[in-house]
Amino acid sequence: MSEQLPFEKPIIELRNKISELKTFTREKDIDLSDEIKKLEVRLEQLEEDIYGNMTAWDRVQLARHSKRPTTLDYIEHLFTNFMELHGDRFYGDDAAIVGGIAKFEGEPVTVIGHQRGKGTKDNLKRNFGMPHPEGFRKALRLMKQAEKFNRPVICFIDTKGAYPGKSAEERGQSEAIAKNLIEMAGLRVPIVCIVIGEGGSGGALALGVGDRICMLENSTYSVISPEGAAALLWKDAGQAKRAAETMKITAPDLKELELIDEMIPEIRGGAHRNLEAQSGYIRQTLKSALLELNKIDRNDLVEKRYEKFNKIGEFDDENGLIAKE
Amino acid sequence: MRLLWGETVIRDLFTKKKKYATIPSEQAKQEVPEGLMTKCPQCKSIIYFKELKKTLLVCDHCEYHHRLSSTERIEMTLDEGSFQEFDKNMVAKDPLNFPDYKEKSALDRKNTGLNEAVVTGSGTISGMEVIIGVMDPRFRMGSMGSVVGEKMCRAIKIAADERKPFIMFAASGGARMQEGVFSLMQMAKTSTALNLLHEKGILFISIMTHPTTGGVSASFASLGDINLAEPKALIGFAGRRIIEQTIRQKLPDDFQTSEFLLDHGQLDQVVPRKNMKSTLTNILEIHQTS
Ligand SMILES: [Zn+2]
């Protein structure tokens with residue numbers, strides 16, 4: 001994927017034009033500053049228009065952007081003293097999930113996240129961020145370790161999904177995911193989950209049972225990819241754009257449906273445009289979440305987590321078929 | 001990379017093996033004349049439906065386990081007349097305003113006489129009290145949406161409060177796509193509820209029947225203190241076709257069957273239908289607290 005996305009084309013064109021005029025001014029010694037100023041005002045408006053009115057599909061593209069910051073990028077900018085811890089102690093070390101111990105604002109934490117690769121070689125090593133069971137089991141090992149030492153767990157979610165492969169099934173992909181769900185439910189330390197890119201179905205949820213669920217503005221969370229949904233609904237993966245709207249998978253949509261706690265604003269044009277500033281936004285969210293959660297008694301925390309998930313669902317309790325008969 | 005997950009799995013499956021014997025609904029069954037015959041999809045034997053019922057809908061010749069409705073499963077599992085249903089009027093909403101979802105749910109309600117893909121309630125097995133949930137694959141392919149999650153969680157809460165064992169028969173293609181992230185979150189919701197039983201030391205027996213895949217396999221169905229399965233059930237996370245596309249290999253025939261899972265250490269036992277009630281009785285007896 002190139003760095004520019006299709007919906008950004010008018011902005012890029014205008015930006016290029018402005019820089020051409022600037023070069024022209026310099027080289028030919030002609031004063032075009034009025035013209036340039038006008039165009040810059042127009043650019044500002046255009047950016048506001050385009051980035052302020054993104055479709056679900058635009059956001060999907062940003063969530064998948066090859067330059068989009070990954071878990072390790074945020075770890076570098078948000079934490080100190082990070083030490084990566086490897087392996088699930090059963091089978092292997094899955095590079096599609098990274099985790100370790102660190103300090104956040106001076107306090108010890110455990111941090112875990114899906115890790116997409118950067119470039120082909122890294123992507124192969126990290127299996128494009130799609131974990132095998134050993135990845136989920138490593139995550140769980142680190143969470144239990146965090147519980148023992150009473151430090152909060154921070155999870156970054158960024159995966160197309162759990163790896164659909166033969167070896168993954170043989171080693172119990174379903175069990176590994178399910179186990180994380182129930183163990184996270186009972187973990188007696190605060191858990192903050194932040195979707196930073198794609199939150200693809202069960203493989204995302206396996207790091208997602210937390211006390212706070214946050215999403216970056218241009219990230220997605222879904223039960224099935226837009227392409228997969230389109231193939232099922234309209235027998236045409238090309239209708240992914242339409243499926244992305246229908247499925248309500250963007251941060252603004254999910255905030256409105258009250259399925260997430262917080263939407264973290266993004267740098268205009270996407271997190272990759274300014275990692276430092278974006279990390280600053282995430283830091284604010286993490287700080288206030290941990291401040292609140294650290295005040296809660298560890299047993300109450302588990303009870304509140306149960307209540308939080310127990311109320312998710314839309315149903316009608318009165319009007320069943322049998323009642324009507 | 002496209003992840004076909006949830007309903008796809010079951011859709012694949014049903015198009016491949018369309019020759020399931022039709023299990024008539026309760027009303028329809030009473031109207032079926034004596035002597036109606038059915039053909040076994042596996043060995044092609046022609047069997048009287050009445051005879052098939054005597055063997056718990058398992059083929060006498062080849063042990064093929066026919067698909068069961070939730071009603072039939074409850075009849076076979078619980079002591080006669082002991083079942084008390086919970087929340088039977090709960091029906092799905094359409095939180096995403098998803099194309100055709102309301103209509104399809106209504107059609108399934110009409111065709112199956114069920115309000116949703118799970119039936120929950122209380123009853124006894126060999127005199128021992130249990131809370132039970134049984135999924136019905138005829139309703140939206142047994143997929144898990146908000147109603148399945150809510151009914152299960154209410155049943156689990158009762159099991160926790162009354163300190164009764166919880167038994168769940170899974171039969172599902174996974175999460176219900178038409179409810180989007182609401183359905184994904186039912187995986188977390190049911191698992192979080194099961195943690196109540198875990199913390200109170202209450203028994204949960206999970207029985208996986210054909211098929212148990214996607215988000216159901218990757219949540220409550222895999223979380224039993226004891227995990228059982230019926231013979232030759234399809235159990236797995238990802239669909240066969242998507243795995244074959246991903247790894248560019250053909251998978252062995254027994255891939256993702258109950259027997260395959262047993263071989264790979266994922267199940268406690270594969271239990272033929274005729275032994276299910278006695279197996280459950282034994283487990284319950286061992287877990288009785290005085
Ligand atoms: Zn047969």
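Let's start with helix H7 of chain B, which runs over residues 180-200. This is a predicted model, so please hear everything I say today as a reading of a prediction. How long should a helix of 21 residues be, at 1.5 Å a residue? The expected span is 30 Å, and the end C-alpha atoms of H7 in chain B are 32 Å apart, which agrees. There is a bend along the way, though: H7(B) has a kink of about 25 degrees, centred on B:Gln186. Is this helix mostly covered or mostly open? Mostly covered, with 17 of the 21 residues of H7(B) buried. And what comes after H7(B)? That is B:Gly201, and its phi is positive, near 65 degrees.

Let me step back to chain B as a whole. You can find 11 helices and 11 strands in it. Of its 290 residues, 63% count as buried. If you take the contacts in chain B with a separation of 6 or more, 71% of them are between residues 24 or more positions apart.

Now over to chain A, please. The domain assignment splits chain A into domain 1, residues 6-53, and domain 2, residues 61-311. If you mark the C-alpha centre of each of these two domains of chain A, the two points lie 38 Å apart. Where the domains touch, 8 residues of domain 1 of chain A are in contact with 5 residues of domain 2 of chain A. As a general remark, the size of an interface is often given as the accessible area lost when the parts come together. For domain 1 and domain 2 of chain A, about 570 Å² is buried between them, and 45% of that is on carbon and sulfur atoms. Which three residues supply more than any other three of the area that domain 1 of chain A buries against domain 2 of chain A? They are A:Phe7, A:Glu8 and A:Tyr51, with 58% of that area.

Next, a few single residues in chain A that I'd like you to find on the screen. A:Arg59 sits in helix H3, residues 56-63. Is A:Arg59 buried or exposed? Its relative accessibility is 9%, so A:Arg59 counts as buried, the cut-off being under 20%. The side chain of A:Arg59 makes a polar contact with the side chain of A:Asn218, at 2.7 Å. Beyond the neighbours within four places in sequence, the residues in contact with A:Arg59 include A:Glu217, A:Thr250 and A:Pro252.

A:Ser225 is in the loop between strand E7 (220-222) and helix H10 (226-234) of chain A. This serine counts as buried because its relative accessibility is 14%. Its side chain reaches the backbone nitrogen of A:Gly228 at 3.0 Å.

My last stop is A:Asn150, in the loop between helix H6 (133-148) and strand E4 (153-159) of chain A. A:Asn150 has 44% relative accessibility, so it counts as partly exposed. What does A:Asn150 contact, leaving aside its neighbours within four places in sequence? The partners are A:Arg188, A:Val189 and A:Arg298. With A:Arg298, the side chains make a polar contact at 3.0 Å. As for A:Val189, it is 39 residues away from A:Asn150 along the chain, yet the C-alpha atoms of the pair are separated by 6.1 Å.

That's my tour, and thanks for listening!

Key:
Residues are numbered from 1 along each chain as its sequence is written. Chains are lettered from A and ligands numbered from 1 in the order in which they are written. This is a predicted model: local features need pLDDT of at least 70, side-chain atom pairs count only at pLDDT 80 or more; totals for chains, interfaces and linings use all residues. Side-chain values use heavy atoms; hydrogens and water are left out. Helices (H or I, at least four residues) and strands (E, at least two) are DSSP runs, numbered from the N terminus. Buried means under 20% relative accessible area, exposed over 50%, partly exposed in between (1.4 Å probe, protein chains only). Contact means heavy atoms within 4.5 Å. A polar contact is a pair of N or O atoms within 3.5 Å; within protein, one must be able to donate a hydrogen and the other to accept it, and residues adjacent in sequence count only if both atoms are side-chain atoms. The expected span of a helix is 1.5 Å times one less than its number of residues. The bend at a residue is the angle between axes fitted to the seven residues ending there and the seven starting there. Domain bounds come from an automatic or database domain assignment. Buried area is the accessible area (1.4 Å probe) that two parts lose on being put together, summed over both.
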